[in-house]
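Trainee: I should like to request a close look at a single part of this model, set in the context of the chain as a whole. Please begin with that part and then work outward.

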Amino acid sequence: MAIVFAAMLNDTLPKYFDPRKYASHESALEGYMPLNKFKELCAILASDEGNVFIHLDFRVDEDRRYIATGSLTAQVQVVCQRCMGAVSHDLALDLSLAFVYDEDHAKNIPDNYDSVVMIDGDVILVDMVEQEIILALPIVAYHEESGCNPTAVKYASSTDDAPDDEKPNPFSILAQLKAK
């Protein structure tokens, strides 16, 4: 029977946790964490409002590795690269994590797991979750064209920088001189 450690919005998830303890007891960890706790993430988002829902089920696998599987869900506001406004992006990540003591042990983890290095046997939950979210963000985000600021759309799709067939060739004068 699994033990569930739950944290609601008015409670807090642990800052540090020992995955060995959770895995040995086949425990689960779940709860909400405010986006404003993730400093690096907030620096690239349009807004730090909202929460991330975290659910992790811990176990020890057949090779005696400390494993956690679960999910992260959140709605974040990323910056639209067309109008520079906020655009909502839903994140739903499936997680398969293996907790290791150092980078050397991480090399031996199967590809279907992301390795997480423990520091003195603990993991900083905020850092782990933040890195997973940053890796899942879109490289470039856009509103639908109808959702962008009309002025920004006009300039983003402007053809002013495209070559214009009616502009005179600046070297045509040289061609005329050469002909004389």
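Mentor: Leu177 has its place in helix H6, which spans residues 172-179. The model is a predicted one, and the values that follow are to be read accordingly. The relative accessibility of Leu177 is 53%, and because exposed residues are those over 50%, Leu177 counts as exposed. On the surface, Leu177 belongs to a nonpolar patch that also contains Phe171, Ile173 and Leu174. Together these four residues present about 450 Å² of accessible area.

This patch may be set against the surface of the protein chain, whose accessible area comes to about 11900 Å². Carbon and sulfur atoms account for 50% of that area. As for the interior, 34% of the 180 residues in the protein chain count as buried.

The order of elements gives the wider setting. The protein chain holds 6 helices and 8 strands, and from the N terminus these run β-β-α-β-α-β-β-β-α-β-β-α-α-α. The succession thus ends in three helices. Contacts also reach across the sequence: of those between residues at least 6 apart, 57% join residues at least 24 apart.

Among the strands, S5 (residues 66-79) and S6 (residues 86-100) pair in the antiparallel sense, with 14 bridges between them. Val79 stands opposite Ala86 of S6. The hairpin formed by S5 and S6 has 6 residues between the strands, and there Met84 adopts a positive phi near 65 degrees. Strand S6 is also joined to strand S7 (residues 114-117), in this case by 4 bridges and in the parallel sense. One such pairing sets Phe99 against its bridge partner Val116 in S7. For side chains along these pairings, a general point applies: in a regular strand they alternate between the two faces of the sheet.

Confidence varies along the protein chain. The average pLDDT is 84, and 81% of the residues score at least 70. Of the elements, strand S4 (residues 51-60) has the highest mean pLDDT, 96, whereas strand S1 (residues 4-7) has the lowest, 48. Over residues 6-10 the pLDDT stays under 50, and for this stretch the model has 8 contacts beyond four places in sequence.

To return to the part requested, Leu177 of helix H6 is an exposed residue within a nonpolar surface patch shared with Phe171, Ile173 and Leu174.

Definitions and conventions: Residues are numbered from 1 along each chain as its sequence is written. This is a predicted model: local features need pLDDT of at least 70, side-chain atom pairs count only at pLDDT 80 or more; totals for chains, interfaces and linings use all residues. Side-chain values use heavy atoms; hydrogens and water are left out. Helices (H or I, at least four residues) and strands (E, at least two) are DSSP runs, numbered from the N terminus. Buried means under 20% relative accessible area, exposed over 50%, partly exposed in between (1.4 Å probe, protein chains only). Contact means heavy atoms within 4.5 Å. Accessible areas come from the Shrake-Rupley method with a 1.4 Å probe; for residues, only the protein chains shown count as cover. Patches are made of residues with over 30% relative accessible area and no salt bridge: like charges are joined within 9 Å, nonpolar side chains (Val, Leu, Ile, Met, Phe, Trp, Tyr) within 5 Å. A salt bridge is a side-chain nitrogen of Lys or Arg within 4 Å of a carboxyl oxygen of Asp or Glu. pLDDT is the predictor's confidence in each residue, from 0 to 100. Two strands pair if DSSP finds at least two bridges between them.
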